[in-house]
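Welcome! Take a moment to look over the sequence and turn the structure around before you start.

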Amino acid sequence: MQKEDIKIIEMTFVNAFLIKVKEGFVLIDTGLPMFWNKLESELLSAGCLPDKLKLVVITHGDFDHAGNCAKLQQKYKSRIAIHKEDSGMVEHGVLLKRKVRSLTARIFSLLRKLKKRKFSLESFTPDIFLTDGQRLSEYGLNARVLHIPGHTPGSIGILTDDGILFAGDTFTNRRKPDTATYIENSMQLKESLERLKMLNIKTIYPGHGQPFEMSLLSGKF
């Protein structure tokens, strides 16, 4: 995969990623619900909509990543894929208790809560439940699913065959590259990070902040 095949759609503090694949596109995450117009405009201008979007992958169930899934389903019949462990978050609005690692993260957490009160997630039923190790070749993407719980029980990453990891919130790069700042299960996150260390990951595309090289995380976990 070439970097020019990846379009980063920034919606304030959260990213969605539109990937050009053979005969279509795959979208990873959908951003905040109040940015639906921007997301739709970007997808239309890329030629992705109305009928070239092969799959929408949600890295986890938080509303800033899954916020526009219902609209994509309703308006464009898009197929939404997520890990089953996070299905309760998007189908029933299940809220998770999480530890917050830093003052900056606490501030962001407060802002997220305030935004959620004003723009709540419109619930939806996922079309596909992704599993660990599942290949995405049938959607034109030479990549596999990694179940990497910790931030949420159903957090996943998408690792391409050439070493690009779309990491959701398992990694972040708001000010500098770091591991998850919101943690639902510390032990699971530690195990997920140890697993990722062993893989051939070159570049990380986090849900928040700019892409960075995996080598910049050396010694951080």
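Below are four exercises, each with a worked solution.

This is a predicted model, in which local features need pLDDT of at least 70, side-chain atom pairs count only at pLDDT 80 or more, and totals for chains, interfaces and linings use all residues. Residues are numbered from 1 along each chain as its sequence is written, and side-chain values use heavy atoms, with hydrogens and water left out.

**Exercise 1. Follow the order of the strands in the open sheet of 5 strands, and find its edges.**

Step 1. Helices (H or I, at least four residues) and strands (E, at least two) are DSSP runs, numbered from the N terminus. Two strands pair if DSSP finds at least two bridges between them.

Step 2. The order is β8-β9-β10-β14-β15, with mixed pairing. At the edges are β8 (143–147) and β15 (212–213), each of which pairs on one side only.

Step 3. Now look at one edge: β14 (residues 203–206) and β15 run antiparallel and are joined by 2 bridges. Thr 203 has Glu 213 of β15 as its bridge partner.

**Exercise 2. Find which residues touch the most other members of the largest nonpolar core, and which elements build this core.**

Step 1. A nonpolar core is a set of buried Ala, Val, Leu, Ile, Met, Phe, Trp, Tyr and Cys residues joined through side-chain atoms within 4.5 Å. Buried means under 20% relative accessible area, exposed over 50%, and partly exposed in between (1.4 Å probe, protein chains only).

Step 2. The largest core holds 28 residues, and Leu 27, Leu 39, Leu 43 and Leu 72 touch the most other members. Elements that give two or more residues include β1 (6–11), β2 (14–21), α1 (36–45) and α3 (69–76). The most comes from α3, with 4 residues.

Step 3. A second, separate core has 21 residues, among them Ile 6 and Leu 136.

Step 4. Zoom in on α3, where Cys 69, Ala 70, Leu 72, Gln 73 and Tyr 76 are buried. Just after α3, Lys 77 takes a positive phi of about 60 degrees.

**Exercise 3. Look for unusual backbone angles: which peptide bond is cis, and where do Glu 23 and Asp 29 lie?**

Step 1. Most residues other than glycine have a negative phi, and most peptide bonds are trans.

Step 2. The bond from Leu 49 to Pro 50 is cis, with omega near 15 degrees. Pro 50 sits in the loop between α1 and β4.

Step 3. Glu 23, in the loop between β2 and β3, has a positive phi of about 60 degrees. Its relative accessibility is 64%, so Glu 23 counts as exposed.

Step 4. Asp 29, in the loop between β3 and α1, has a positive phi near 70 degrees. With a relative accessible area of 1%, Asp 29 is buried.

Step 5. Thr 12 also takes a positive phi, near 55 degrees, in the hairpin of β1 and β2, which has 2 residues between the strands. These two strands pair in the antiparallel sense over 6 bridges, and Ile 9 has Ala 16 of β2 as its bridge partner.

**Exercise 4. Count the residues of each class in the lining of the largest cavity.**

Step 1. On a 1 Å grid over the protein atoms alone, a cavity is a set of points where a 1.4 Å probe fits but cannot get out, and lining residues have an atom within 4 Å of a point.

Step 2. The lining has 10 residues, with Asp 169, Arg 174, Thr 181, Tyr 182 and His 208 nearest the centre of the cavity.

Step 3. Ala, Val, Leu, Ile, Met, Phe, Trp, Tyr, Cys and Pro count as nonpolar, Asp, Glu, Lys and Arg as charged, and the others, Gly among them, as polar. By class there are 3 nonpolar, 4 polar and 3 charged residues.

Key
On a 1 Å grid over the protein atoms alone, a cavity is a set of points where a 1.4 Å probe fits but cannot get out, and a pocket is an open set with protein on both sides within 12 Å along at least five of seven lines; lining residues have an atom within 4 Å of a point.
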